[in-house]
Amino acid sequence: MRRFLLWLSAGLLAVLATVVVFCPASWMSVLVERQTGGRLTLGDAQGTLWRGSAFVGGAPSGSDPVTPLLPGRFSWTLSPLVLLGQVDAAVSNPDALAQELRITGSWNQWQVNAGSMMLPAERLAGLGAPLNTIQPAGRIRLEWTPLRLTRAGNEIAVGGTTTLHMEDMASRLSPIKPLGAYQLIMDWRGSQAALELKSVRGPLLLNGSGSLTNGRLQFSGRAEAEEGQEDRLANLLNLLGQRRRIGDKDVIALEFK
C-alpha cells in the first residue's frame, strides 16, 4: 500500500507539473476578460501561459468573432515564480508599444514601467457606446508614467498619470477634417482619476475637467468653435449638447454624470 501511494503521489505530481508547464495561452484570455469586465479579450492565443502571443480585441457577443482593436500581436513571457507570489512579466509588440512593457511585484501589488502605445482611433468603435456612434478617426497615443497597481478585493487601485494624445481627430458626424488635436490627462489616485481635457488646436475646441471613480464618469466641459469657424461647425456643435451663452460667445455644454 505504501508503495502504491508513493507511485500515485509521483503520478499526480507529474500530471500537475505537465499542466503547469503546458497550460495553454488561452488561459490568459480568461484573466484579461475578468480584469476588464468583459470588454477586452485575447484572440488567436498561441503558445502557453508562460510564453505566448495573441492580439487584443473586443470581447465578442454571441457567435461574433473577436475583432482586433490594436495593431500587431502582443507577445508575453511570465516567470513561473508567480506560483510563489512573485510577478515578473514582459510584454512586447513593435507595432503598438514604443518599448517593452515590464510588470513586476507580487500577487496583490504591481509596478509597470513608463511607456506609450499607439491606439488606432478607427478600431475603438468596437468598445461600444458612445464611440460606436462618434466613429472617431485620427492618431491616438496613450502615454503613462511609472504606474503602481494594488489589488483590493475585486478592485484595482492605480497610482500614476496617463495622458491620451489625440492628433488630427475627425468624426463621421462632421464633414470637417481634421477637427483638432487634444490631450486628456488622467491623474490616478487609487480607484479614482482626476480628468482634464485640453485643446491643442482647433477648429473645434474642447475643454473641461471631471473624474473617473470605479468606472463611473463625471465630466463638465464645453465645446466651441474657433473664431471665424462658427458657421462651419454649427451642425456638429448642435449634436454635441445644449447651447449656452457665455459672455459674447455661444458654447456647447458638455455634461456627463
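Helices and strands are here runs assigned by DSSP, with at least two residues for a strand, and they are numbered from the N terminus. On that basis Gly 72 lies in the loop that joins strand 3 (67-68) to strand 4 (74-78), in a model that is predicted.

The protein chain as a whole contains four helices and 17 strands. Of its 257 residues, 36% are buried, and the accessible surface of the chain amounts to about 15,300 Å², with carbon and sulfur atoms providing 58% of that area. Among the contacts in the chain with a separation of 6 or more, 37% are between residues 24 or more positions apart.

To return to the loop between strand 3 and strand 4, Gly 72 counts as partly exposed because its relative accessibility is 29%, a value that falls between the limits of 20% for buried and 50% for exposed. When residues up to four places away in sequence are not counted, Gly 72 touches Phe 55, Asn 93 and Asp 95. The C-alpha atom of Gly 72 is also separated by 8.7 Å from that of Val 56, a residue 16 positions away along the chain.

Following the chain onward, one reaches Ser 79, which is found in the loop between strand 4 and strand 5 (86-92). Ser 79 has a relative accessibility of 19% and therefore counts as buried, since the cut-off for that class is under 20%. Apart from its neighbours within four places in sequence, Ser 79 is in contact with Trp 50 and Asp 88.

The interior can be approached through the largest nonpolar core, which has 50 residues. Those with the most contacts inside this core are Phe 74, Met 117, Met 166, Tyr 182, Leu 204 and Leu 233. For Leu 233, leaving aside neighbours within four places in sequence, the residues in contact are Ile 176, Leu 179, Pro 203, Leu 204 and Ala 225, and Leu 204 is itself named among the core residues with the most contacts.

Charged side chains give another view of the structure. Side chains of opposite charge can pair when their charged atoms come close. The structure holds eight salt bridges, and one of them is formed by the side chains of Glu 167 and Arg 201, with a distance of 2.7 Å from N to O. This pair links distant parts of the chain, as Glu 167 belongs to strand 11 (residues 155-171) and Arg 201 to strand 13 (residues 192-201), 34 residues apart. Glu 167 is partly exposed because its relative accessible area is 24%, and Arg 201 is likewise classed as partly exposed, at 38% relative accessibility.

A salt bridge also joins the side chains of Arg 189 and Asp 187, at 2.9 Å from N to O. Here Arg 189 counts as exposed because its relative accessibility is 55%, whereas Asp 187, with a relative accessible area of 27%, is partly exposed.

The side chains of Arg 222 and Glu 224 likewise meet in a salt bridge, with 2.9 Å from N to O. Arg 222 is partly exposed, with a relative accessible area of 33%, while Glu 224 has a relative accessible area of 6% and is therefore buried. Elsewhere, salt bridges that share partners join Arg 139, Glu 167, Asp 168 and Arg 201 into one network, which places the pair of Glu 167 and Arg 201 within that network.

Key. Residues numbered from 1 in each chain as written. Predicted model: local features only at pLDDT ≥ 70, side-chain atom pairs only at ≥ 80, totals over all residues. Heavy atoms only, no water. Buried < 20%, exposed > 50% of the residue type's maximum accessible area, 1.4 Å probe, protein only. Contact = heavy atoms within 4.5 Å. Core = buried A, V, L, I, M, F, W, Y, C linked by side-chain atoms within 4.5 Å. Areas by Shrake-Rupley, 256 points an atom, 1.4 Å probe, with all protein chains shown as cover. Salt bridge = Lys/Arg side-chain N within 4 Å of Asp/Glu carboxyl O.
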